[in-house]
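Q: Before we turn to the backbone and the strands, could you show me how to read an enclosed space in a protein model?

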Amino acid sequence: MELLSSTKSFGGWLKRYRHESLSVKGEMTFAIYLPPQAETQKVPVLYWLSGLTCTDENFTQKAGAFRKAAELGLAIVCPDTSPRGTEYPGEHESYDFGSGAGFYVNATVAPYSSTYHMYDYVVQELPHLIEANFPVTEKRSISGHSMGGHGALICALKNPGKYQSVSAFAPIANPTNCPWGEKAFTGYLGDDKASWNEWDATLLVEKASERLHLLIDQGEADNFLEEQLKPDALLEACEKADHPITLRRQLGYDHSYFFIASFIDDHLEHHAKALN
């Protein structure tokens, strides 16, 4: 790993690294916040998955999470949202597909199938790297925003026992049934819509073997609420399957990091309770 920067914050350290990834066959960048407790003991980890157009820096610069993370003794790991350095035809032409929009799936359609394996990177490779190189325990939780909220939900639902808790801000909850998801899944997974189902939280809930509580915050003034996010579909699926969910509808809040910063402490406390 190559250390890119190191910044002290609330007694802990925010560090950015670059490393060679086997999952995406190229360099990846991630950030890790190590709370002050990590100086003397191993600490649990929250993985944060960001949304469309983002990198690891959106959360670290805008969420205002480090004061509470330092108080709770919680490390936070923020990966990038897609592979970088590839130049596939059309990869950089739109904000909702290609670079910055990996959707946390394992692509099966060429040329993306050779590098766009963000699911494997987040679930397997990155935790292995973090646990081998930093003072952290093997206890993990996961959260995210929008596309990253979708990623957090599917990672937890597809991997019983791997995460102690999961939460999401304004997740793309039913991607097989919204324009963002349909575009991404067609490009990464192909035209066989049956293959899409394993990457949709709303459809995964029914067969989930672990009843991990889903904590979701959704702004009621979110411009993407009705067309793209569809939290009611997830809520209905959870109620039908008797899967525990708390969907908090926040009046007046939009899709921005102002929304995330307003409620991030609640999510960190939710995860710290499970991790400890």
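A: A cavity is a set of grid points where a 1.4 Å probe fits but cannot get out, and its lining residues are those with an atom within 4 Å of such a point. Rolling a probe the size of a water molecule over the atoms shows where empty space is left. Please keep in mind throughout that this is a predicted model.

Q: How many cavities of 30 Å³ or more does the structure hold, and which residues line the largest cavity?

A: The structure holds one cavity of 30 Å³ or more, and about 30 Å³ of space lies in the largest cavity. Its lining is made up of Ala156, Leu157, Val166, Glu210, Leu212 and Leu214; sorted by class, five of the lining residues are nonpolar, none is polar and one is charged.

Q: How should I read a strand within its sheet, and which strands pair with S4?

A: In a regular strand the side chains alternate between the two faces of the sheet. Here S4 pairs with strand S6 (residues 136-144) in the parallel sense over six bridges, and S4 also pairs with S5 in the parallel sense, over three bridges. Tyr47 can serve as a reference point for both pairings, since the bridge partner of Tyr47 in S6 is Ile142, while in S5 the bridge partner of Tyr47 is Val77.

Q: Is S4 largely enclosed or largely open to the outside?

A: To call a residue buried, one asks that its relative accessible area be under 20%. Seven of the seven residues of S4 are buried, so this strand is largely enclosed by the rest of the structure.

Q: Which residues other than glycine have a positive phi, and where are they found?

A: A positive phi is worth reading together with the place of the residue and its accessibility. Thr53, which is not a glycine, has a positive phi of about 75 degrees; Thr53 is found in the loop between strand S4 (43-49) and helix H1 (57-62), and it is exposed, with a relative accessible area of 51%. Lys230 also has a positive phi, near 55 degrees, and lies in the loop between helix H7 (225-229) and helix H8 (231-241), where Lys230 is partly exposed, with a relative accessible area of 22%.

Q: Finally, is the peptide bond from Ala110 to Pro111 cis or trans?

A: The angle to read is omega: the peptide bond from Ala110 to Pro111 is cis, with omega near 0 degrees. Pro111 has its place in the loop between strand S5 (75-79) and helix H3 (118-133).

Terms used: Residues are numbered from 1 along each chain as its sequence is written. This is a predicted model: local features need pLDDT of at least 70, side-chain atom pairs count only at pLDDT 80 or more; totals for chains, interfaces and linings use all residues. Side-chain values use heavy atoms; hydrogens and water are left out. Helices (H or I, at least four residues) and strands (E, at least two) are DSSP runs, numbered from the N terminus. Buried means under 20% relative accessible area, exposed over 50%, partly exposed in between (1.4 Å probe, protein chains only). Two strands pair if DSSP finds at least two bridges between them. On a 1 Å grid over the protein atoms alone, a cavity is a set of points where a 1.4 Å probe fits but cannot get out, and a pocket is an open set with protein on both sides within 12 Å along at least five of seven lines; lining residues have an atom within 4 Å of a point. Grid points are joined across faces, edges and corners, and a volume is the space filled by probe spheres set on the points. Ala, Val, Leu, Ile, Met, Phe, Trp, Tyr, Cys and Pro count as nonpolar, Asp, Glu, Lys and Arg as charged, and the others, Gly among them, as polar.
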